[in-house]
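Trainee: I'd like to take a close look at one part of this model, and then see how the rest fits around it. Could you walk me through it?

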Amino acid sequence: MKNKIGVLIFSFLSLALVSQAQETVLLSKAEALSRVQEENTSIKISEEEFNKAQADFRQTNAVFLPNITASHTGISTTNPLMAFGSKLNQEILTASDFDPALLNDPSKTQNFATKIEVQQPLINADGIYQRKAAKTKMEAMSLQTQRTSDYLALEVDKAYMQLQLAYKAVDVLNKALEAANANKTLADNSFKQGYLQRADVLNVEVRVSEVQAQLQHAKSNVQNASNYLSFLMNDETYMVYKPSEDLVVEALDFQNSSISENRSDIKAMELASEAYKDMSKADKMTFLPRLNAFGSYEMYDDKIFRADASGYVVGAQLSWDIFQGSKRFGKAQKSKAEYEKSKLEYNQYVSQSKLELNKAKRMLQDSENKLNLTKLALEQSEESLRIRTDRFKEGLEKTSDLLMAETQFSQKQLEYYQTIFEYNYAQAYLEFLTKE
């Protein structure tokens with residue numbers, strides 16, 4: 001008895017989970033786009049890439065800002081030199097400390113030193129160009145983030161239209177199944193009356209089975225499209241969504257018909273090339289000397305955290321790395337090659353984008369032509385089905401001809417909605433390519 005109760009409880013929970021997993025949620029395109037812009041992982045990754053570039057740029061503030069360090073050091077020594085120097089820094093030397101015996105063999109001496117040191121860059125030409133390169137890279141990453149957002153908007157548009165198309169297919173096949181079942185009923189009655197042969201009835205039953213299989217496949221496409229939207233929205237519940245907007249022919253107004261050099265991804269590549277140019281200049285500037293100022297304030301005592309004696313040092317240093325083997329020459333050559341490579345990649349990317357634009361224009365034109373043809377074919381197949389259905393009811397039409405007309409009408413409906421999807425997507429893709 002307990003086992004039966006357990007089985008019943010398990011079955012009930014399973015049904016509840018399945019029911020929850022299959023819950024259908026109404027979704028608009030604007031809502032899907034908003035959720036993707038807020039939650040999509042690719043956008044978040046792109047934003048972190050920008051934050052990384054921004055952090056690299058902030059590190060270059062060291063070219064202008066000082067480096068300040070503070071330290072407190074304590075030692076205990078019998079080293080003659082350090083013992084004498086410690087007393088000298090503490091300003092406690094007496095005449096007896098110059099006794100050769102004490103100088104050569106001093107007693108244990110303690111010294112506590114507090115030191116504040118400042119290093120101020122004055123002229124670092126390579127650092128200035130490195131800072132320019134870091135800033136340019138940060139701006140390029142900002143544009144790449146924007147382009148990632150634009151691309152995902154296109155993906156949302158496409159995924160939402162795929163969901164609309166899947167539901168259209170379900171509707172068409174549901175109606176086709178109803179018609180097939182009605183024809184099956186009619187065929188069964190005709191067979192009982194001796195007007196049809198058993199082979200004709202079997203053909204009708206085969207048609208019913210085919211439509212049922214197609215309908216199941218269409219329902220799977222609904223779930224696939226819903227899951228992809230869930231992935232884009234970073235939603236792990238994977239609900240089944242239903243579009244609140246119907247799949248209809250859209251007419252977008254294109255303000256631009258050519259590739260703009262201000263498009264975010266193209267501009268980003270241009271800025272990346274500029275960054276390589278600045279890095280090349282920075283490597284060349286390493287051949288120049290550097291000028292830095294420095295200063296320190298030091299406090300000494302034989303007791304911890306006390307400062308009975310103090311002193312300061314202020315100065316400037318001009319340093320010049322005259323030769324580092326051939327390291328700098330090789331580095332400068334490498335950065336120049338990277339700059340030249342970036343220019344070639346930029347030109348290639350622009351050329352490829354123009355090629356893609358021409359392809360998209362042809363795709364739009366082809367889909368528009370196909371849309372007109374499929375619409376006409378749909379109207380013709382619908383009229384043909386109507387005529388053959390009426391003749392079949394009167395016993396003037398073959399079963400095979402009716403099934404062929406019914407199949408053709410369903411196919412033309414699906415082709416028409418598929419063409420609407422292709423036409424709308426071609427417009428959306430063309431808008432994506434020409435967006436500034």
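Trainee: Where is Y238 found?

Mentor: Keep in mind that this is a predicted model. Y238 is found in the loop between helix α7, residues 198-232, and strand β4, residues 240-243. Have a look at its backbone: phi is positive there, about 50°, although Y238 is not a glycine. That's worth a second glance, because most residues other than glycine have a negative phi. As for exposure, the relative accessible area of Y238 is 38%, so it counts as partly exposed.

Y238 isn't alone in this. E91 also has a positive phi, about 60°, and it's not a glycine either. You'll find E91 in the loop between α4 (80-89) and α5 (100-104). With a relative accessible area of 55%, E91 is exposed. The cut-off for "exposed" is over 50%, with buried being under 20% and partly exposed lying in between.

Now let's move out from the loops to the sheet. Four strands make an open sheet, and going across you meet β2, β3, β5 and β6, paired in the antiparallel sense. The edges are β2 (67-77) and β6 (309-319); each has a single partner strand, so one side of each has no neighbour in the sheet. From one strand to the next, the twist averages 20°.

Zoom in on the middle pair. Strand β3, residues 109-123, runs antiparallel to β5, residues 290-301, and 11 bridges join them. You can follow some of the pairing by eye: T114 stands opposite M299 in β5, and Q119 has F294 of β5 as its bridge partner. F294 then takes you one strand further, as its bridge partner in β6 is G315. The pairing of β5 with β6 is antiparallel too, and it runs over 11 bridges.

While you're in β3, find I123, which lies in that strand. Leaving out residues up to four places away in sequence, I123 touches P289, R290 and L291. I123 and A293 are 170 residues apart in sequence, yet their C-alpha atoms are 9.6 Å apart in space.

A little further along the chain, you reach G127 in helix α6. G127 counts as buried, because its relative accessibility is 7%. Its C-alpha is 21 Å from that of G325, which sits 198 residues away along the chain.

Next, stay with the helices. α6 (residues 125-192) packs with α10 (residues 399-434) at an angle of about 170°, and their axes are 10 Å apart. The two are therefore roughly antiparallel to each other. Sorted by class, their contact has 19 nonpolar, six polar and six charged residues.

That brings us to the largest nonpolar core, with 35 residues; L154, Y416, Y417, I420, Y429 and L433 touch the most other members. Two or more residues come from each of α6, α9 (327-393) and α10. The largest share, 16 residues, is from α10. Pick Y429 to see this up close: setting aside neighbours within four places in sequence, Y429 is in contact with L154, E356, A360 and M363. There's also a second, separate core of 27 residues, and its members include L163, L177, A218 and L229.

Terms used:
Residues numbered from 1 in each chain as written. Predicted model: local features only at pLDDT ≥ 70, side-chain atom pairs only at ≥ 80, totals over all residues. Heavy atoms only, no water. Axes fitted to C-alpha atoms, helices over the stretch in contact; angles between N-to-C directions. Parallel < 35°, antiparallel > 145°, perpendicular 65-115°, else oblique. Nonpolar A, V, L, I, M, F, W, Y, C, P; charged D, E, K, R; others polar. Pairing = 2+ DSSP bridges. Core = buried A, V, L, I, M, F, W, Y, C linked by side-chain atoms within 4.5 Å. Buried < 20%, exposed > 50% of the residue type's maximum accessible area, 1.4 Å probe, protein only. Contact = heavy atoms within 4.5 Å.
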